[in-house]
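Trainee: Please take one part of this model and go through it closely. I would like a single connected account.

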Amino acid sequence: MLSKRLFDTDCDFDAISASVSTLSFDSTPVKADNLMSMMTPNIKRSLFPDDDEDSGLGMDDHVTLTPSLTKSAKRQRTEDDNSTCSKRPKTCTDIKAVVQKLEENDDFIADGSRLHTLPTVTGKHADLKSITSQTLIDVLNGDYDDVISDYKIIDCRYPYEFEGGHIRGAENMYLHETILTLLQQPTKDKQVVIFHCEFSSERGPKMLRFLRSKDRELNKENYPLLNFPEVYLLDSGYKAFFNEQPDLCDPVSYRPMLHSDHSEDLRHFRVKSKSWTAGEKRRYARKAMRF
């Protein structure tokens with residue numbers, strides 16, 4: 001459970017490059033098992049292949065040294081060993097500290113820097129942090145302005161649903177490629193992102209996991225840094241929110257995905273959303289076959 005929440009690399013898509021301005025999918029995604037192996041001494045480490053597996057330590061063991069030189073060499077080697085963590089914080093200090101912190105307290109946000117700002121509830125998805133409609137109402141009413149700097153509401157429903165009524169200030173993002181644009185936007189400290197769909201049972205959770213996966217890949221050389229470390233899922237989705245506070249919806253209406261007047265729209269947007277995913281999977285498969 002912990003590794004899934006920390007690393008969220010279950011999407012079968014190509015990795016994003018270290019530059020936010022040039023997103024690409026040219027490298028193989030880093031899997032959570034590889035990252036976890038960096039934290040377990042008796043498992044082979046493989047996340048950072050560029051790290052020195054053969055550091056050269058001990059290469060001078062066969063050289064005959066004078067007693068003074070031997071002492072100096074031993075002291076130097078001890079200093080080198082003690083400085084290993086400071087030279088390679090990604091694989092030694094930072095990861096172990098963050099993982100230990102998150103193990104001890106599940107209320108820390110994904111980069112381990114602080115506790116979650118918003119109160120959470122046990123939702124349908126145990127790996128995601130969920131908030132109630134009332135909590136989102138409080139956010140919209142400014143009750144958390146003293147502890148959060150900004151918020152984004154990501155509505156993952158199809159456009160005809162969004163146009164038929166959405167939470168005030170929400171952004172409609174139902175395609176994976178639009179979710180990627182979030183990683184190109186400026187970020188702020190203490191910013192929260194709230195995902196939802198009609199019931200927050202499938203589309204919203206999938207898009208949230210996709211963002212977290214790509215965020216991890218983008219920042220894989222700076223773990224545990226994330227562009228969006230504090231992300232939530234609106235429990236029970238737009239339907240529950242509309243039933244509780246319709247005045248905060250624009251327009252004040254609720255159009256379900258299975259609306260009888262939009263059967264053609266439903267087919268169109270389902271195909272459109274799946275075609276992007278299928279294309280990325282095929283490209284990833286072709287790349288994997290070349291190696």
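**Around Tyr238**

Mentor: Start with Y238, which counts as buried because its relative accessibility is 0%, under the 20% cut-off. The model is predicted, so every remark here is about a prediction.

Take the aromatic pairs next. The count comes to 8. Y238 and Y254 form one aromatic pair. Their ring centres are 5.8 Å apart, the planes meet at 55°, and the pair is tilted. Y238 belongs to helix 10, while Y254 sits in the loop between strand 7 (249-250) and helix 11 (263-289), so the pair ties together parts 16 residues apart in sequence. Y254 counts as partly exposed, because its relative accessibility is 23%.

The ring of Y238 has a charged partner as well. The charged end of R157 sits over that ring, 4.1 Å from its centre. A similar arrangement can be described for another tyrosine: the charged end of R203 sits over the ring of Y158, at 4.6 Å from the centre. Y158 is also part of an aromatic cluster with Y160, Y174 and F269.

Now turn to I167. Neighbours within four places in sequence aside, I167 is in contact with Y238. Its other contacts on that count are L136, L140, I153, H196, L234, F241, L248 and C249.

That leads to the core. The largest nonpolar core has 21 residues. Within this core, L136, I167 and F241 touch the most other members. Helix 6, strand 5, strand 6 and helix 10 (237-244) each supply at least two of its residues. Helix 6 gives the largest share, 4 residues. A second core is separate and holds 19 residues, among them L128, V193, L218 and F228.

Next, the sheet. Five strands form an open sheet with parallel pairing, in the order 1-6-5-2-4. Strand 1 (130-131) and strand 4 (171-172) are the edge strands, and each pairs on one side only. Inside the sheet, strand 2 (residues 150-155) and strand 5 (residues 191-196) pair in the parallel sense over 6 bridges. F195 in strand 5 is the bridge partner of I154. Helix 6 (residues 133-140) lies across strand 1, strand 2, strand 5 and strand 6 (231-234). The helix runs at about 130° to strand 2.

Finish with the backbone. Most residues other than glycine have a negative phi, and most peptide bonds are trans. Some places here depart from that pattern.

S236 is one of them, with a positive phi near 70° in a residue other than glycine. S236 is found in the loop between strand 6 and helix 10. S236 is partly exposed, with a relative accessible area of 27%.

K190 also has a positive phi, about 60°, and is not a glycine. K190 lies in the loop between helix 8 (176-180) and strand 5. K190 is partly exposed, at a relative accessible area of 38%.

Then the cis bonds. The peptide bond from D250 to P251 is cis, with omega near -10°. P251 is found in the loop between strand 7 and helix 11, and Y254 lies in that loop too. Another cis peptide bond joins Y223 and P224, with omega about 10°. P224 has its place in the loop between helix 9 (203-218) and strand 6.

Back to the starting point: Y238 is buried, pairs with Y254, has the charged end of R157 over its ring and is in contact with I167.

Notes:
Residues numbered from 1 in each chain as written. Predicted model: local features only at pLDDT ≥ 70, side-chain atom pairs only at ≥ 80, totals over all residues. Heavy atoms only, no water. Pairing = 2+ DSSP bridges. Contact = heavy atoms within 4.5 Å. Axes fitted to C-alpha atoms, helices over the stretch in contact; angles between N-to-C directions. Core = buried A, V, L, I, M, F, W, Y, C linked by side-chain atoms within 4.5 Å. Buried < 20%, exposed > 50% of the residue type's maximum accessible area, 1.4 Å probe, protein only. Phe/Tyr/Trp six-rings, centres within 6.5 Å; stacked < 30°, edge-to-face > 60°. Lys NZ or Arg CZ within 6 Å of the ring centre and 35° of its normal.
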